[in-house]
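Here is a quick walk through one model, from a single residue outwards. Have the sequence and the coordinates open as you read.

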Number of protein chains: 2
Amino acid sequence: MPSNRRFHLAKRPEGVPDHDTFDLREVDTPDPGPGEALVRTLYLSVDPYMRDRMRAGESYADAWEVGDPLRGGVVAEVVDSNGAGLSEGQTVVGNLPWAEYATASGDSLTPVDTGGLPVSTALGVLGMPGRTGYFGTREVAQPKADDWMVVSGAAGAVGSVVGQLGELQGANVVGIAGSDEKVEWLTEELGFTAGINYKTEDVGARLDEVADGVDVYFDNVGGPVTDAVWGRLNVDARVAVCGQIALYNDEELPTGPRKLAKLIETRASVEGLLVQDFAPRFREATEHLAGLVAGGDLQYRETVTDGLEHAPEAFLGLFEGENIGKQVVKVAESDA
Amino acid sequence: MPSNRRFHLAKRPEGVPDHDTFDLREVDTPDPGPGEALVRTLYLSVDPYMRDRMRAGESYADAWEVGDPLRGGVVAEVVDSNGAGLSEGQTVVGNLPWAEYATASGDSLTPVDTGGLPVSTALGVLGMPGRTGYFGTREVAQPKADDWMVVSGAAGAVGSVVGQLGELQGANVVGIAGSDEKVEWLTEELGFTAGINYKTEDVGARLDEVADGVDVYFDNVGGPVTDAVWGRLNVDARVAVCGQIALYNDEELPTGPRKLAKLIETRASVEGLLVQDFAPRFREATEHLAGLVAGGDLQYRETVTDGLEHAPEAFLGLFEGENIGKQVVKVAESDA
């Protein structure tokens with residue numbers, strides 16, 4: 001059997017995770033049981049929500065126990081199908097450990113068909129982040145033509161999809177991101193109406209300059225960026241709460257301005273979003289997004305970190321905003 | 001002409017208003033112009049939203065200028081119709097100054113028909129607070145049978161209507177109020193499933209005892225009470241934000257726990273509510289509420305303060321929770 005390495009939760013982080021959070025173990029390559037496939041990881045996904053799984057107690061994602069393997073979206077290649085209904089060399093996606101090799105039941109693995117795009121897109125624009133953007137825009141945020149739509153975390157895997165879908169609906173999309181390079185990508189390449197670098201600009205003041213209030217807000221970050229947007233909500237505004245990455249490393253719920261009174265003034269509605277609620281419609285989302293990419297109407301970027309051993313840096317970089325578009329970790333080349 | 005007294009905004013309050021906020025002036029009784037009626041105030045309404053009108057700057061209610069008369073819902077008797085299309089002695093309701101006498105155009109005054117109930121109910125259960133409860137429950141909070149529904153400010157003019165409408169829908173309603181007398185009224189008289197005295201009990205701990213989470217939250221108060229309820233929201237909960245009286249005397253937006261992450265976990269939706277949005281349907285609301293009262297399915301209480309000169313105390317008492325049910329000020333007996 002080949003050698004295998006796997007990341008485990010070494011201890012629960014207090015505040016910002018660091019390298020003590022992660023334990024890379026040399027482990028046996030597992031034998032697939034009947035109906036299980038042995039797969040070899042090509043790409044693994046690091047996502048902000050994983051921070052919440054490191055925390056004890058309830059969240060929308062079940063907590064990992066200390067010592068558990070870290071898990072997430074993985075694109076892998078089938079090494080041994082062993083009755084799992086897959087063929088060797090086939091590319092699949094599933095929820096798998098951060099490891100070089102893993103086993104999983106056949107029905108927990110989905111064959112990847114990215115229609116000529118790199119297989120890593122099954123973790124990004126054609127995967128969970130893309131679907132989150134699709135359902136979040138279509139079912140929750142619901143931008144209409146001429147709406148002023150603000151997207152936070154706009155250069156991330158979800159935000160970049162959301163903003164482009166908003167522009168396709170005819171909304172005027174303002175993207176908030178954390179570097180001039182990101183803002184330039186949004187406005188020059190993706191067709192956003194405007195961009196704001198929240199690290200160097202006053203978000204509220206810039207919004208007052210570029211937008212006529214906020215009809216739709218798609219929030220990936222929370223915290224002070226959201227506070228600034230909140231003050232500009234228009235009557236009957238809609239807010240989709242998709243992520244709050246600015247808060248995930250806090251040990252206690254941080255405080256901020258009390259926001260509910262603004263909802264009376266505006267009769268705005270605010271709704272939380274979790275993509276798993278739309279699981280029966282995932283195929284619809286992927287097909288729609290793939291069609292847009294093929295037609296040139298939806299662009300994406302990926303930030304690729306090379307080597308399983310660097311997965312912690314890739315994960316921690318999310319909280320520093322180091323990624324543009326989808327952050328993935330490349331673990332191995334395809335043998336196929 | 002009879003003597004007349006009228007309250008004016010003496011100065012903008014800083015923090016909690018006090019008697020320096022109000023200026024009771026001896027003024028001329030106005031002459032009604034063509035198409036205007038001269039009316040004599042019987043009851044005037046004091047409402048929490050008026051605090052916001054004393055503040056400079058934008059809110060959902062336009063700010064009063066210093067020196068302006070204070071205004072609000074008033075039940076009055078027509079003294080002189082002067083072509084306003086009303087008859088002398090007729091009882092009307094309108095948005096009028098806190099004064100003994102006032103003039104108003106005929107089309108801004110609505111004849112009062114309380115179907116045998118005291119005319120003061122046109123300011124309470126059959127007036128703005130009742131309609132707020134009706135539309136807020138029916139169109140925003142939307143309790144269903146067996147839902148756990150929490151109402152803050154439950155013994156107030158709006159909350160007491162909301163809770164009873166919730167129980168009529170088959171929800172299990174938990175009312176939060178500020179005295180044992182109020183809680184007893186809710187549970188013993190109005191049929192609430194349970195009540196919590198937030199001044200003497202731990203709201204979160206009591207909610208854990210009496211309810212199975214929170215499916216619907218109708219919020220009249222905001223602040224720490226709402227923080228406690230928020231932590232118990234169930235998946236797909238609905239929150240109607242109707243008032244935030246706990247915050248209205250703050251000069252700056254106070255801080256509190258950041259609440260949006262909970263919406264991701266629960267996919268809850270939160271929506272602000274302003275009764276004026278439902279103006280074309282006010283008659284529907286009043287007729288529905290009057291029918292429920294007549295049938296014994298909706299109870300109400302009024303706290304009556306006697307004398308125009310005591311209107312400031314009545315208003316300030318709202319923030320101390322001194323009223324049970326609708327707080328009105330009785331200015332004069334009907335001559336009719």
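## Starting from N197(B)

Skip the residues within four places in sequence, and N197(B) is in contact with A177(B), G178(B), S179(B), D180(B) and V183(B). Keep in mind that this is a predicted model. N197(B) itself belongs to strand β10 (residues 194-197) of chain B. Is it buried or exposed? Neither quite fits: with 18 other C-beta atoms within 10 Å, N197(B) is partly exposed, since the buried class needs 20 or more. Looking further along the chain, E320(B) is 123 residues away from N197(B), and their C-alpha atoms are separated by 14 Å.

E320(B) takes us to helix α9 (residues 311-320) of chain B, which forms a right-handed β-α-β unit with β15(B) and β16(B). The two strands of that unit, β15 (residues 302-306) and β16, run parallel and are joined by five bridges. One pairing to look up is T305(B), whose bridge partner in β16(B) is V329(B). Strand β16(B) also has an antiparallel partner, strand β3 (residues 36-45) of chain B, with three bridges between them. There, S45(B) has V328(B) as its bridge partner. How enclosed is β16 (residues 326-330) of chain B? Four of its five residues are buried, so the rest of the structure largely encloses this strand.

## Over in chain A

The domain assignment splits chain A into domain 1 (4-123 + 301-330) and domain 2 (128-276). Their centres, taken over C-alpha atoms, are separated by 28 Å. Where the two domains touch, 14 residues of domain 1 are in contact with 15 residues of domain 2. On the domain 1 side, that comes to five nonpolar, five polar and four charged residues.

G83(A) sits in the loop between β4 (71-80) and β5 (91-97) of chain A. It has 13 C-beta neighbours inside 10 Å, and therefore counts as partly exposed. Beyond its neighbours within four places in sequence, G83(A) is in contact with P34(A) and G35(A). The C-alpha atom of C242(A), 159 residues away along the chain, is separated from that of G83(A) by 38 Å.

Now for helix α4 (residues 180-189) of chain A. Its buried residues are K182(A), V183(A), W185(A) and L186(A). They lie on the same side of α4(A), because they cover an arc of only 155° around the axis. As a general point, an α-helix has 3.6 residues a turn, so residues three or four places apart point the same way. The cover over the buried residues of α4(A) includes α3 (157-168), β9 (172-177) and β10 (194-197) of chain A. On the face turned away from the buried side, you'll find the exposed residues E181(A), E188(A) and E189(A). Just after the helix, G191(A) takes a positive phi of about 80°.

Next come some strand pairs in chain A, with one that reaches across to chain B.

| Strand pair | Direction | Bridges |
|---|---|---|
| β11(A) and β12(A) | parallel | five bridges |
| β12(A) and β14(A) | parallel | four bridges |
| β13(A) and β13(B) | antiparallel | three bridges |

Strand β11 (residues 214-219) and strand β12 (residues 233-241) of chain A pair up, and V216(A) has R238(A) as its bridge partner in β12(A). Between those strands the chain passes through helix α6 (residues 223-230) of chain A, in a right-handed β-α-β crossover. R238(A) turns up again opposite S269(A) in β14(A).

## Where the chains meet

The last table row leads to the contact between the chains. At the β13 pairing, P257(A) has T255(B) as its bridge partner in β13(B). How many residues does each chain put into the contact? Chain A gives 29 residues and chain B gives 29 residues. On the chain B side, β13 (255-257), α7 (260-266) and β14 (269-272) each supply at least two residues. The largest share there, six residues, comes from α7(B). Sorted by class, the chain B side has 14 nonpolar, nine polar and six charged residues.

Definitions and conventions. Residues are numbered from 1 along each chain as its sequence is written. Chains are lettered from A and ligands numbered from 1 in the order in which they are written. This is a predicted model: local features need pLDDT of at least 70, side-chain atom pairs count only at pLDDT 80 or more; totals for chains, interfaces and linings use all residues. Two residues are in contact if their C-beta atoms, placed from the backbone, lie within 7 Å. Ala, Val, Leu, Ile, Met, Phe, Trp, Tyr, Cys and Pro count as nonpolar, Asp, Glu, Lys and Arg as charged, and the others, Gly among them, as polar. Two strands pair if DSSP finds at least two bridges between them. A residue is buried if 20 or more other C-beta atoms lie within 10 Å of its own, exposed if 12 or fewer, and partly exposed in between; C-beta atoms are placed from the backbone. The arc is that of the directions from the helix axis to the C-beta atoms. Domain bounds come from an automatic or database domain assignment. A crossover is right-handed if, with the strands pointing away from the viewer, the path from the first strand over the helix to the second runs clockwise.
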